[in-house]
Amino acid sequence: RAKDQGRNRYEYYTHELTLQVSQRFRLEGDLRHAIERRELYLVWQPQFSLASGELIGAECLLRWQHPEHGLVPPDEFIPLAEESDLILFIGDWVLCAAIAQMAGWQARVPSLKASINLSPRQLSAAGLSQRIRSLLEQYGVSPGRIQLELTESGLMESQAVNAWLGQEAASLGLLLSIDDFGTGYSSLSRLKTLPINQLKIDRSFVKDIPDDENDIAITRSIIGLARGLELEVVAEGVETAYQERFLREAGCDIAQGYYYSRPVSAAEFETRYLRSQKEE
Ligand code: C2E
Ligand code: MG
Ligand code: MG
Ligand code: MG
């Protein structure tokens, strides 16, 4: 009987597995057409200075409205896209859409910055620098308005990423940020050699403040590290007034999170944040 059960279980698992593989396969096929079918769009999450409360910029986050499955979260489809060259097309679409959006916004808030997430594969592909340069020229956006975000784990991934960062990024005049900081394995000695201007404290450390003493200690040390290296430091995932006060007192520069706003459409971002800025 044990044997039967074992076999049933085995069959059950293989069935599950096949289903998952074919579902992923189908999702990838759909993703290939998502751009042309206009199913991708950007949402924007504002970032504020903790010292002054002033709007600093916004991070653009990709969304996929699938015709049958509804909204597919980026944590599901971006890893899928990263398994093939699909991420290059999607990443390019994001760069283009975000820079075009900034062209319209920069006149209204001259210091506004757009944070754009990049996948490490985009850095190792040929022509990224030239592409960014020509998009900035085409839309009349200065490179200092664009804060590129690379995850800490992505940064450590390959030589090509290192080369791009060392040679191209700085000469373009773009701002570079390490996203999800504290969750990867970057060596501290390498940190000071990278041409970055910003660290983003991962949400996993912020979310349990004040309950988790370890997270408090980790967050404080990341802020201390950033200040020591003269890097700007951003906390993501700020959800409560307590967390805001803690971060301000600990010396964090910028905050982003549901406490201020969820990511919103470009139109909503304009009415909520750019209009009020103009009237002030
Ligand atoms: P990320 O870059 O670390 O973005 C922050 C994520 O935290 C976003 O999730 C955002 O919606 C969420 N978030 C912000 N504040 C809060 C908060 O207060 N509470 C909670 N619970 N969540 C908060 P999202 O939009 O689902 O994106 C997930 C990840 O997908 C991003 O993490 C980023 O790594 C990736 N991603 C999103 N858009 C792009 C893109 O255009 N290109 C690439 N390569 N990756 C992207
Ligand atoms: Mg990010
Ligand atoms: Mg992050
Ligand atoms: Mg993250």
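Buried means under 20% relative accessible area, exposed means over 50%, and partly exposed is in between, with a 1.4 Å probe and protein chains only as cover. With that in hand, let's work through some exercises.

The model is predicted, so local features need pLDDT of at least 70 and side-chain atom pairs count only at pLDDT 80 or more, while totals for chains, interfaces and linings use all residues. Residues are numbered from 1 along each chain as its sequence is written, chains are lettered from A and ligands numbered from 1 in the order in which they are written, and side-chain values use heavy atoms, leaving out hydrogens and water.

**Exercise 1. Warm up with Gln 106**

Task: find where Gln 106 lies, decide whether Gln 106 is buried or exposed, and identify the backbone oxygen beside its side chain.

Solution:
- Step 1: start with the loop between α3 (86-105) and β4 (113-117), where Gln 106 lies. Helices here are DSSP runs of H or I with at least four residues, strands are runs of E with at least two, and both are numbered from the N terminus.
- Step 2: the relative accessibility of Gln 106 is 17%, so this residue counts as buried.
- Step 3: a polar atom of the Gln 106 side chain lies 2.8 Å from the backbone oxygen of Gly 140. A polar contact is a pair of N or O atoms within 3.5 Å; within protein, one must be able to donate a hydrogen and the other to accept it, and residues adjacent in sequence count only if both atoms are side-chain atoms.

**Exercise 2. The magnesium ion (ligand 2)**

Task: list the protein donors of the magnesium ion (ligand 2) and place Glu 59 and Glu 149 in the chain.

Solution:
- Step 1: donors are N, O and S atoms within 2.8 Å of the metal (3.2 Å for Na, K and Ca); water is not among the atoms, so sites may look incomplete.
- Step 2: Glu 59 (OE), Asn 117 (OD1), Glu 149 (OE) and Asp 179 (OD) are the protein donors, lying 2.0 to 2.2 Å from the magnesium ion (ligand 2). Their spacing along the chain is E-x57-N-x31-E-x29-D.
- Step 3: Glu 59 in strand β2 and Glu 149 in strand β5 (residues 146-151) are 90 residues apart, and the pair links distant parts of the chain.
- Step 4: both Glu 59 and Glu 149 are buried, with Glu 149 at a relative accessible area of 1%.
- Step 5: for one more view of Glu 149, look at Leu 176, 27 residues away along the chain; the two C-alpha atoms are separated by 6.1 Å.

**Exercise 3. The magnesium ion (ligand 3)**

Task: work out which residue coordinates both magnesium ions, ligand 3 and ligand 2.

Solution:
- Step 1: the magnesium ion (ligand 3) has as protein donors Asp 179 (OD), Asp 180 (OD), Glu 236 (OE) and Glu 236 (OE), at 2.1 to 2.5 Å. In sequence these donor residues are spaced D-D-x55-E.
- Step 2: Asp 179 coordinates both ions, which are 4.0 Å apart.
- Step 3: Asp 179 lies in strand β6 (residues 175-181) and Glu 236 in the loop between β8 (232-235) and α11 (241-250), so this pair ties together parts that are 57 residues apart in sequence.
- Step 4: Asp 179 is buried at 6% relative accessible area, and Glu 236 is buried at 11%.
- Step 5: Asp 180, found in strand β6, is partly exposed at 22%. Asp 180 also has a positive phi of about 55 degrees although it is not a glycine.

**Exercise 4. Around ligand 1**

Task: describe how the protein surrounds ligand 1 and how much of ligand 1 it buries.

Solution:
- Step 1: count residues with a heavy atom within 4 Å. There are 23 around ligand 1, and the closest are Arg 63, Asn 117, Asp 179, Glu 239 and Tyr 258.
- Step 2: β2 gives the most to this shell, with four residues.
- Step 3: oxygen atoms of ligand 1 lie 3.0 Å from a polar side-chain atom of Glu 59 and 2.8 Å from one of Arg 63. A backbone N or O atom of Leu 62 lies 3.1 Å from a nitrogen atom of ligand 1.
- Step 4: taken alone, ligand 1 exposes 810 Å², and the protein buries 86% of that. These areas come from the Shrake-Rupley method with a 1.4 Å probe.
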